[in-house]
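Here is a short tour for someone meeting this structure. Look at the sequence and the model, then read on.

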Amino acid sequence: MFRLSTTSARQAVQRLATQARYQSTSSATASSTMTAKNMSMTAAGVATVGALAYLSMESADANMAADGLHPPAFPWEHKKNLATFDHAAIRRGYQVYKEVCAVCHSLDRIAWRNLIDVSHTENEVKEMAEEHEYTDGPNDVGDMFQRPGKPSDYMPNPYANEEQARAGNAGAYPPDLSLMIKARHGGADYVFSLLTGYQDPPAGVEIREGLNFNPYFPGGAIGMARVLYDGLVEYEDGTPATTSQMAKDVVIFLSWAAEPEMDERKKMGMKALTLLVILTGLSVYLKRHKWAAIKTRKILYNPPAPKKH
Ligand code: HEC
């Protein structure tokens, strides 16, 4: 792959140089004043530009391995200016998070109540929270006690602390996913590509025991194994649970988690813009109205009649 793009870069530079050379020849015939010195200067210039272009392409190649493959831009519906989140997808994505990702990843910044009227009804959320035990207290005699969850509780953490999390994942720490979409370059495109991008390492690439090859992860070796496989969850709305469908849904769920105010923000933005347009129209009208008398006035000069002596 690298060799391929290096060769094509070299070809591009050569093409560039050839074009420039033709241009300098034709301009030389056009103007007879072009001296040999000028031509060699031009050639030197072309060589410098070519070398710079070649070098910049080389470093782009090198960064690709270190920074991870750049994810393609996917046409996310919710990124459009007038679109809201796909709330059915948030609901499906929550299911994927809960059944798959929540085994390792926390979602610290989301409380159960945040899901109400977003993806679930209030009663559903109450039931979901009650399935988990939370430590509360102290009670009258100073003891902590366990109680079922309430909508105001935050999503439970799969591990008691970071050490336990690392111990359970061969030393790698599964990061909190609340702000993951905002925390990574490429956001939703990156996480989607990461989840669907697992493959066998190419020939010559050695991956250490316990790590997995993923070209989108910077460095190519990630501590998280592939987790999504076709048919892993069963969606209640009957959507076929393919790997890419689950990845898409969980990414939409995480996009919502990172930016729960997005729908409201876009609505406010529309209201503000509408008001602004109306008010601008009104003020333009008012300005013209007020200035009409001044702008349309006619100043006449009637010279006094010459005095008759
Ligand atoms: C078996 C445990 C496990 C499961 C299940 C799991 N992950 Fe991970 N995940 C990890 C670990 C460990 C890391 C840290 C990898 C590293 O730093 O090498 C990680 C890292 C990540 C990262 C960060 C990558 C980066 O750029 O740093 C994202 C995003 C992620 N996981 C998303 C998910 C999603 C979404 C799911 C559910 C579909 C999921 N994970 C399921 C263990 C898991």
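## A buried cysteine

Cys101 is buried: 22 other C-beta atoms lie within 10 Å, and a residue counts as buried because 20 or more are found in that range. The model is a predicted one. Cys101 sits in the loop between helix H3 (87-99) and helix H4 (122-130). Its contacts, leaving aside neighbours within four places in sequence, are Val96, Leu177 and Val250.

Cys104 has its place in the loop between H3 and H4. With 19 C-beta neighbours inside 10 Å, Cys104 counts as partly exposed. Leaving aside neighbours within four places in sequence, Cys104 is in contact with Pro158, Asn169 and Pro174.

Asp176 is found elsewhere, in the loop between helix H5 (162-168) and helix H6 (180-183). Asp176 counts as partly exposed, with 15 C-beta neighbours inside 10 Å. Not counting residues up to four places away in sequence, Asp176 touches His105, Ser106, Leu107 and Asp108. Asp176 and His105 are 71 residues apart in sequence, yet their C-alpha atoms are 5.7 Å apart in space.

The table sets out the burial of these residues.

| Residue | C-beta neighbours within 10 Å | Class |
|---|---|---|
| Cys101 | 22 C-beta atoms | buried |
| Cys104 | 19 C-beta atoms | partly exposed |
| Asp176 | 15 C-beta atoms | partly exposed |

## Around the ligand

Which residues are closest to the ligand? They are Cys101, Cys104, Pro174, Gly223 and Met224, and 22 residues surround the ligand in total. This shell divides into 18 nonpolar residues, three polar and one charged. Helix H7 (residues 187-196) gives the most to the shell, with three residues.

The UniProt record, an unreviewed entry, lists Cys101, Cys104, His105 and Met224 under "binding site". These residues are spread over 124 residues of sequence, but they cluster in space, with a largest C-alpha distance of 10.8 Å.

## The whole chain

Now step back to the fold. The protein chain has nine helices and four strands. From the N terminus on, the elements run α-α-α-α-β-β-α-α-α-β-β-α-α.

How much of the chain is buried? Buried residues make up 18% of the 309 residues. Among contacts in the protein chain with a separation of 6 or more, 61% join residues 24 or more positions apart. The pair Asp176 and His105, 71 residues apart in sequence, is one case of sequence distance bridged in space, at 5.7 Å from C-alpha to C-alpha.

Technical notes:
Residues numbered from 1 in each chain as written. Predicted model: local features only at pLDDT ≥ 70, side-chain atom pairs only at ≥ 80, totals over all residues. Near = placed C-beta within 6 Å. Helix = DSSP H or I, 4+ residues; strand = E, 2+ residues; numbered from the N terminus. Nonpolar A, V, L, I, M, F, W, Y, C, P; charged D, E, K, R; others polar. Buried ≥ 20, exposed ≤ 12 C-beta atoms within 10 Å, placed from the backbone. Contact = placed C-beta atoms within 7 Å. UniProt positions renumbered as here; feature names shortened; annotations may be inferred.
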